[in-house]
Amino acid sequence: MALINRQKIKQFLLAGVYATPEKYLKKKGVKIGTGCHIRACKLDAKEGYLIEIGNNVRISQNVDFFTHGGIYGLRIRYNNPRFDFFGKIKIGDRTFIGEGAKIMAGVTIGSDVIVGAGAVVTKSIPDNTVVGGNPARFICYTNEFYERILIYDLQSGQMTDAEKRELLLSLPEDRFIHKQEIQIPIDSIATTK
């Protein structure tokens, strides 16, 4: 028996109604600049008009936008059924947001920012920075990241998929990015044995 992936079904249905995620978001009131590429993402609120996306922004799929927080319990605890709060979300130009990131109410993400996949953005991010993690934290400046990965540049940005495949399968291991091991404190190693 096949499992039903509700997100895939929703994306399929939305694609038929709105043609692109950008059109869906615009219908919800999101202001979107020019040259953007947005994969299927999720507005966890009806207040799309509180979100503004700059020019040439790339948003990967499964990114969540929250314009208000989880205050249901507070309404009950403090017997205040009308209690509510909201925050605008603003994303600057030439910013990339990785898959599965969560952008919280009141956050401003600057221009030329890279938000890593799965990051939970609870604070505003200044221009020209790379962030990642939960909660999102500073990793480096965008220019540092560019310089760091420049040695791996393959000039494949405008190749067809077939050309890129041929190139990637022909390369030696040292042409690919390799990540460092996680640093584990020595006293932690001793306690696990």
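The following questions and answers look at the sheets, one hairpin and one surface patch of a predicted model.

In this predicted model, local features need pLDDT of at least 70 and side-chain atom pairs count only at pLDDT 80 or more, while totals for chains, interfaces and linings use all residues. Residues are numbered from 1 along each chain as its sequence is written, and side-chain values use heavy atoms, with hydrogens and water left out.

Reader: In what order do the strands of the open sheet of six strands stand?
Author: Strands here are DSSP runs (E, at least two residues), numbered from the N terminus as helices are (H or I, at least four), and two strands pair if DSSP finds at least two bridges between them. The pairing in this sheet is mixed: S2 (37-38) and S5 (58-59) run parallel with two bridges, whereas S13 (129-132) and S14 (137-141) pair in the antiparallel sense over four. S2 and S14 are the edge strands, each pairing on one side only. The order is S2-S5-S8-S11-S13-S14.

Reader: Are the residues of strand S13 buried or exposed?
Author: In a regular strand the side chains alternate between the two faces of the sheet. In S13, Thr129 and Val131 point one way, while Val130 and Gly132 point the other way. By relative accessible area, buried means under 20%, exposed over 50% and partly exposed in between (1.4 Å probe, protein chains only). On that scale, all four residues, Thr129, Val130, Val131 and Gly132, are buried.

Reader: Which residue in the hairpin of S13 and S14 takes a positive phi?
Author: Gly132 of S13 stands opposite Arg137 in S14. The hairpin has four residues between the strands. The residue with a positive phi, near 100°, is Gly133.

Reader: Which strands stand at the edges of the sheet of four strands?
Author: This open sheet has the order S1-S4-S7-S10, with parallel pairing. Two bridges join S7 to S10, and Lys90 stands opposite Thr108 in S10. Each edge strand has a single partner strand, so one side of each is left without a neighbour in the sheet; these strands are S1 (31-32) and S10 (108-109).

Reader: What is the relative accessibility of Phe85?
Author: Phe85 lies in the loop between helix H3 (72-77) and strand S7 (89-91). Together with Leu74, Tyr78 and Phe83, Phe85 makes a nonpolar surface patch of about 380 Å². Phe85 counts as partly exposed because its relative accessibility is 38%.

Key: Patch = residues over 30% accessible without salt bridge, like charges linked within 9 Å, V, L, I, M, F, W, Y side chains within 5 Å. Areas by Shrake-Rupley, 256 points an atom, 1.4 Å probe, with all protein chains shown as cover. Salt bridge = Lys/Arg side-chain N within 4 Å of Asp/Glu carboxyl O.
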